[in-house]
Amino acid sequence: MKREKQLQEIYRQLASICAEVKLENAVGVYAINIYFENLIRDLLNSIFACQFENGNYRRRNQKGYDLIENQQRILVQVSSENAPEKIQDSLYKLNSGITERWRFCFFLIGEKGDKLRKRKYCIPENVEFSPKKDIWDME
């Protein structure tokens, strides 16, 4: 019972953060997105026993992705923008920035990614990306 209450509290807090991200982004304030990138980084590291790092700390406003896991070659774009153009733009940026094969994942903040998963994308040869399994959301 205690674990169930803890999980409910985590879900409540995440929902609250997602709502705050949406509100701030609607008025052009994006500072909270960096906080959320680090939260997602820490969650992924805990859940999957990975070593994700925030790529924006290596290079300001990293092109095409926010989080990087070097050992497993995974790149994650964390975004509140629920648009296929955002994903396609990230894929294009990755095409010019990496030379070896990497897996790309898109983590959508505060929205369902169902429509994005059904879209077709132009996927560069050096990028592994399956919209059905690599577009994640909070739902």
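A residue counts as buried when its relative accessible area is under 20%. D137, with 16%, is therefore buried. The cut-off matters throughout this report on a predicted model.

## Overall fold

The chain holds six helices and six strands. In sequence order they run α-α-β-α-β-β-α-β-α-β-α-β. The radius of gyration is 15 Å, and the globule rule gives 14 Å for 139 residues, so the chain is as compact as a globular protein of that length. Along the principal axes, the C-alpha atoms fill a box of roughly 45 × 35 × 30 Å.

Burial covers 44% of the 139 residues. Among contacts with a separation of 6 or more, 58% join residues 24 or more positions apart. The accessible surface is about 8,800 Å². Carbon and sulfur atoms supply 50% of that surface.

The chain carries 23 positive and 20 negative charges. Their mean positions lie 2 Å apart.

## Salt bridges

Side chains of opposite charge can pair when their charged atoms come close. How many salt bridges does a search of the whole structure find? The count is eight. The table gives three of them, with the closest N to O distance for each.

| Acidic residue | Basic residue | N to O distance |
|---|---|---|
| E111 | K22 | 3.4 Å |
| D134 | R103 | 2.4 Å |
| D137 | R117 | 2.9 Å |

Take E111 and K22, which form a salt bridge at 3.4 Å. E111 sits in the loop between β4 (102–108) and α5 (114–118), while K22 belongs to helix α1 (residues 2–26), so the pair ties together parts 89 residues apart in sequence. Both partners are partly exposed. E111 has 27% relative accessibility. K22 has 39%.

Next come D134 and R103, whose side chains meet at 2.4 Å, N to O. D134 lies in helix α6 (residues 131–134) and R103 in strand β4, so this bridge ties together parts 31 residues apart in sequence. Are the two partners buried or partly exposed? D134 is buried, at 0% relative accessible area. R103 is partly exposed, at 24%.

The third pair is D137 and R117, with closest N and O atoms 2.9 Å apart. The bridge links distant parts of the chain: D137 is in the segment after β6 (135–136), R117 is in helix α5, and 20 residues separate them. D137 is buried at 16% relative accessible area. R117 is buried too, at 18% relative accessibility. Which residues do salt bridges with shared partners join into one network? They are D114, R117 and D137.

## E128 and its surroundings

E128 is placed in strand β5 (residues 127–128). Its relative accessible area is 34%, which makes E128 partly exposed.

What does E128 touch, leaving aside residues up to four places away in sequence? The contacts are R101, W102, R103, F104, K133 and D134. Two of these names have already appeared: R103 and D134 are the partners in the 2.4 Å salt bridge. E128 therefore touches both partners of that bridge, with contact meaning heavy atoms within 4.5 Å.

A C-alpha separation places E128 relative to I34. These residues are 94 positions apart along the chain. Their C-alpha atoms are separated by 25 Å.

## Positive phi outside glycine

Two residues deserve a look for their backbone angles. A49 has a positive phi of about 50°, although A49 is not a glycine. A49 is in the loop between α2 (31–48) and β1 (53–54). With a relative accessible area of 65%, A49 is exposed.

R73 also has a positive phi, near 55°, and is a residue other than glycine. Where is R73 placed? R73 is in the loop between β2 (67–69) and β3 (74–79). Its relative accessible area is 32%, so R73 is partly exposed.

## In brief

The predicted chain has six helices and six strands. Eight salt bridges were found. One of them, E111 with K22, ties together parts 89 residues apart in sequence. Another pairs buried D134 with partly exposed R103.

Technical notes: Residues are numbered from 1 along each chain as its sequence is written. This is a predicted model: local features need pLDDT of at least 70, side-chain atom pairs count only at pLDDT 80 or more; totals for chains, interfaces and linings use all residues. Side-chain values use heavy atoms; hydrogens and water are left out. Helices (H or I, at least four residues) and strands (E, at least two) are DSSP runs, numbered from the N terminus. The radius of gyration is taken over C-alpha atoms; the globule rule is 2.2 Å times the number of residues to the power 0.38. Buried means under 20% relative accessible area, exposed over 50%, partly exposed in between (1.4 Å probe, protein chains only). Accessible areas come from the Shrake-Rupley method with a 1.4 Å probe; for residues, only the protein chains shown count as cover. Lys and Arg count as positive and Asp and Glu as negative; His and the chain ends are not counted. The place of a charge is taken as NZ of Lys, CZ of Arg, CG of Asp or CD of Glu. A salt bridge is a side-chain nitrogen of Lys or Arg within 4 Å of a carboxyl oxygen of Asp or Glu.
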